[in-house]
Amino acid sequence: MTEALIVIDVQKDFCPGGALAVAEGDQIVPGINALMAESPVVVLTQDWHPAGHSSFASTHPGAEVMSMTEMPYGPQVLWPDHCIQGSDGAKFHPDLTVDRADLIIRKGFNPAIDSYSAFFENDHVTPTGLEGYLRSRGISELVMVGLATDFCVNYSAVDAAKLGFKVTVRRDLCRGIDMDGSLAAAEIAMAEAGVILA
Ligand code: VGL
Ligand code: ZN
């Protein structure tokens, strides 16, 4: 059975110096490149927001960066502006072997809904199309790596496990934001969903 490597959001804005920098985010790039070289199927995800996205604190007058708000689909962190479509920060890390990817799937382009997961937007019902792509290629096992462990990797891994994929998260090839204990909570959520934390 075919296995796919899913590389989550290894973009400049999530690396040191970026708008929503994850500590050591750039340090996972060499290891991911090595894993890509030996993976039969490689998919990259790219966080890809329009300017003025509803997940940006700047879109909500008076709101502080990293504060919480209530959206029609549930609680939402208000982030600094990041990964704006076409911007430098939305580009992949310059050392990532992007050419190796079979598919690049973008998410977060819907102005009204954030999308942490590579499978569903944050309303948990709007699909990105990735499930259909993987299934039609006969893929049932996924290895996930990337940024950030506690947000996009976590949501993607949990959704994939719920959809019936066998999911392994390579913790050594992920880095987290860890706001208010979100990293520990994410590891519990992934383990409870049946994700293998390697
Ligand atoms: C992410 C926050 C906002 C991520 C994306 O890739 O984990 N986090 N957008
Ligand atoms: Zn985002």
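# Reading the model: why each label applies

Trainee: What makes Thr 45 count as buried?

Mentor: Its relative accessibility is 1%. The cut-off for buried is under 20%, so Thr 45 counts as buried. This is a predicted model, and the value is computed from its atoms.

Trainee: Where is Thr 45 found, and which residues is Thr 45 in contact with?

Mentor: Thr 45 is part of strand E2. Leaving aside neighbours within four places in sequence, its contacts are Ile 6, Val 7, Ile 8, Asp 9, Gln 11, Phe 92, Ile 105, Lys 107 and Ala 118. Leu 103 is 58 residues from Thr 45 along the chain, with 8.4 Å between the two C-alpha atoms.

Trainee: Which strand is joined to E2 by five bridges?

Mentor: Strand E1, residues 2-8, is joined to E2, residues 41-47, and the two run parallel. Two bridges are enough for strands to count as paired, and E1 and E2 have five. One of the bridge partnerships is Leu 5 with Val 42 of E2.

Trainee: In what order do the six strands of the open sheet stand?

Mentor: The order is E5-E2-E1-E6-E7-E8, with parallel pairing. E5 (103-107) and E8 (196-197) are the edge strands, because each has a single partner strand and one side without a neighbour in the sheet.

Trainee: How do E3 and E4 pair, in the parallel or the antiparallel sense?

Mentor: Strand E3 (residues 68-71) and strand E4 (residues 74-77) are antiparallel, with four bridges. Met 71 is placed opposite Gly 74 of E4. With two residues between them, E3 and E4 form a hairpin.

Trainee: How many disulfides does a search of the whole structure find?

Mentor: Zero. A disulfide requires two cysteine sulfur atoms within 2.5 Å. The cysteine sulfur closest to that of Cys 15 belongs to Cys 83 and lies 9.6 Å away, which is too far for a bond. For Cys 83, the nearest cysteine sulfur is that of Cys 152, at 8.7 Å, and Cys 83 is in no disulfide.

Trainee: Do we call Cys 15 buried or exposed, and what of Cys 83?

Mentor: Cys 15 is buried, at 3% relative accessibility. Cys 83 is buried as well, at 0%.

Trainee: What makes the site of the zinc ion (ligand 2) irregular?

Mentor: The angles among its four donor atoms run from 89 to 168 degrees. A tetrahedral label needs all angles between 85 and 135 degrees, and the upper end of the range, 168 degrees, does not meet that requirement. The site is therefore not tetrahedral by this rule, and its computed label is irregular.

Trainee: Which residues coordinate the zinc ion (ligand 2)?

Mentor: Asp 47 through OD, His 49 through NE2 and His 82 through NE2, at 2.0 to 2.2 Å. The limit for a zinc donor is 2.8 Å, and these distances fall within that limit. Along the chain the donors have the spacing D-x1-H-x32-H. Asp 47 and His 49 are both buried.

Trainee: Why is H3 said to be largely enclosed by the rest of the structure?

Mentor: Because 12 of its 14 residues are buried. Among them are Phe 151, Cys 152, Val 153 and Val 158, along with Thr 149 and Asp 150. The buried residues of H3 pack against E1, E4, E5, E6, E7 and H4. Just after the helix, Gly 164 has a positive phi of about 100 degrees.

Trainee: Which element gives the most to the largest nonpolar core?

Mentor: The largest nonpolar core has 57 residues, and the members touching the most others are Ile 32, Phe 119, Leu 134, Leu 142 and Met 144. Elements giving two or more residues to this core include E1, E2, strand E6 (139-147) and helix H4 (182-192). H3 gives the most, seven residues. Among the contacts of Leu 142 are Ala 4, Ile 6, Phe 119, Leu 134 and Ala 160.

Trainee: Two loop residues remain. What do Gly 129 and Ser 39 count as?

Mentor: Gly 129, in the loop between E5 and H2, counts as partly exposed because its relative accessibility is 42%. That value lies between the cut-offs of 20% and 50%. Ser 39, in the loop between H1 and E2, has 9% and so counts as buried. Beyond four places in sequence, Ser 39 has contacts with Leu 5 and Arg 100.

Notes:
Residues are numbered from 1 along each chain as its sequence is written. Chains are lettered from A and ligands numbered from 1 in the order in which they are written. This is a predicted model: local features need pLDDT of at least 70, side-chain atom pairs count only at pLDDT 80 or more; totals for chains, interfaces and linings use all residues. Side-chain values use heavy atoms; hydrogens and water are left out. Buried means under 20% relative accessible area, exposed over 50%, partly exposed in between (1.4 Å probe, protein chains only). Donors are N, O and S atoms within 2.8 Å of the metal (3.2 Å for Na, K and Ca); water is not among the atoms, so sites may look incomplete. Four donors count as tetrahedral if all angles lie between 85 and 135 degrees; four count as square planar and six as octahedral if opposite donors are over 155 degrees apart and all others between 65 and 115; anything else is irregular. A nonpolar core is a set of buried Ala, Val, Leu, Ile, Met, Phe, Trp, Tyr and Cys residues joined through side-chain atoms within 4.5 Å. Contact means heavy atoms within 4.5 Å.
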